[in-house]
Amino acid sequence: MDEDDHILPKDFPELKNDTFLRAARGEEVEHVPVWCMRQAGRYLPEFREFRAGKDFFETCRSPEDCCELTLQPLRRFPFDAAIIFSDILVVPQALGMDVQMVAGKGPTFPEPLKEPDDLQRLRSKVDVASELGYVFRAITLTRHKLEGKVPLIGFSGAPWTLMSYMIEGGGSTTHSKAKRWLYRHPEASHALLKRLTDVIVDYLLGQVKAGAQALQVFESHAGCLGPAEFKVFALPYLRDIARRVKDRLKESGLDNVPMIVFAKDGHYALEDLSQSHYEVVGLDWTIDPCMARQRTGGKVSLQGNMDPCALYATKECISEIVKTMVEAFGTRGYIANLGHGLYPDMDPESVGAFVEAVHTHSRRLLNHK
């Protein structure tokens, strides 16, 4: 047994850079913090080398591998936060569904849910510590190995996004099979969303107990719902997750951690999201920063929202785009990020230019105040 297996979620190293946590809470900072969704990923040659020949979900189940992949980008770039290497689809796996990562196709469910009767195939009660304990061990190990350099973010997919994958059987452009459930089987849809919510609450709570210092909930498929459907099938569950996690943390005597909700293409729901018990609302690149500030009314911090494809530009151009973005958001209650994850063909040098530009331009703005 590796000695790291014995590392416990206590006596963590003191945090040296809490800029990300302060920005999440709307407090003053010396520079705007920055991290990237999918910052541990295929754009890094060391990631590709480390992952070569290994099954994706086997890697997810290895705390040592997850720790190494989480730390890789921090060795290259001065990010202000780390996010644990994992996948949102570990939750459907915990419910008893088979999920495979197929080369050239992405995540695949060999037996997706087709009709409401298929819900009987799911585990009625999930022992999260047993089914997802490998994620908790990865978080604890990584938190120790980070040595207090930056905070560690834990995450989960949101109920609607996970439901969509479980019914579609993988990625989809229309999400028509999953949306068919919403219109044809609303009761079964709510039953599934509620079951997912219960597991997600336990899962996020377990991540905080294991050492996560912030949590992000990914509603990646918000954009395929209209405002009315979002209000019925997504928003209540997002709210429920944040409220229950915070209540349970309080009951357990644990510190409250900042929570981020990222509803991609859900700009129609900005007002609702800013009143949903999350400290931070993540934004994709389809929203104007000033408009987002106006519509959220200063109730939350904002995160985002540079178009990931802007990283294909020259370094000089990246710097200008970042300067405009930071000036538009302002330096208080703002976490710089991309409007979605990094793409595999991106140049690591461009990621470095993005991080450097955020720090440089925000420091300049703050020093001029």
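Reader: Which residues in α10 do P159, W160, L162, M163, M166 and I167 in α8 meet?

Author: This is a predicted model: local features need pLDDT of at least 70, side-chain atom pairs count only at pLDDT 80 or more, and totals for chains, interfaces and linings use all residues. Residues are numbered from 1 along each chain as its sequence is written, and side-chain values use heavy atoms, with hydrogens and water left out. Contact means heavy atoms within 4.5 Å, and helices are DSSP runs of H or I with at least four residues, numbered from the N terminus. In α10, the partners are S189, L192, L193, L196, T197 and I200.

Reader: How many residues of the contact of α8 with α10 are nonpolar?

Author: Ala, Val, Leu, Ile, Met, Phe, Trp, Tyr, Cys and Pro count as nonpolar; Asp, Glu, Lys and Arg as charged; the others, Gly among them, as polar. No residue of this contact is charged and two are polar. The nonpolar ones number ten.

Reader: At what angle do helix α8 and helix α10 pack?

Author: Axes are lines fitted to C-alpha atoms over the stretch in contact, and angles run from 0 to 180 degrees between N-to-C directions. Helix α8 spans residues 159–168 and helix α10 residues 186–210. Their axes lie 9 Å apart, at an angle of about 120°.

Reader: Is α8 largely enclosed or exposed?

Author: Buried means under 20% relative accessible area, exposed over 50%, and partly exposed in between (1.4 Å probe, protein chains only). The buried residues of α8 include W160, Y165 and E168. Ten of its ten residues are buried, so α8 is largely enclosed.

Reader: Which residue with positive phi follows α8?

Author: Its phi is near 85°. The residue is G169.

Reader: Which helix gives the largest share of the largest nonpolar core?

Author: A nonpolar core is a set of buried Ala, Val, Leu, Ile, Met, Phe, Trp, Tyr and Cys residues joined through side-chain atoms within 4.5 Å. The largest one has 133 residues, and F230 and F354 have the most contacts inside it. Twelve of its residues, the largest share, come from α10.

Reader: How far apart in sequence are the parts that E46 and R76 tie together?

Author: A salt bridge is a side-chain nitrogen of Lys or Arg within 4 Å of a carboxyl oxygen of Asp or Glu. E46 forms one with R76, the closest N and O atoms being 2.7 Å apart. E46 lies in helix α2 (residues 45–51) and R76 in helix α4 (residues 63–76), so the parts they tie together are apart in sequence by 30 residues.

Reader: Are E46 and R76 buried or partly exposed?

Author: E46 has 23% relative accessibility. R76 has 40%. E46 and R76 both count as partly exposed.

Reader: Which helices does the salt bridge of R295 with E271 tie together?

Author: The closest N and O atoms of R295 and E271 are 3.0 Å apart. E271 lies in residues 270–273 and R295 in residues 289–296, so the pair joins helix α13 and helix α14.

Reader: Which residues are linked in a network of salt bridges with K194?

Author: K194 pairs with D198, the closest N and O atoms being 3.4 Å apart. Being four residues apart in helix α10, the two are separated by about one helical turn. K194 is partly exposed at 48%, as is D198 at 26%. The network links K194 with D198, D240, R243 and R244.

Reader: How many salt bridges does the structure hold?

Author: The bridge of E46 with R76 is one of them. The structure holds 21.
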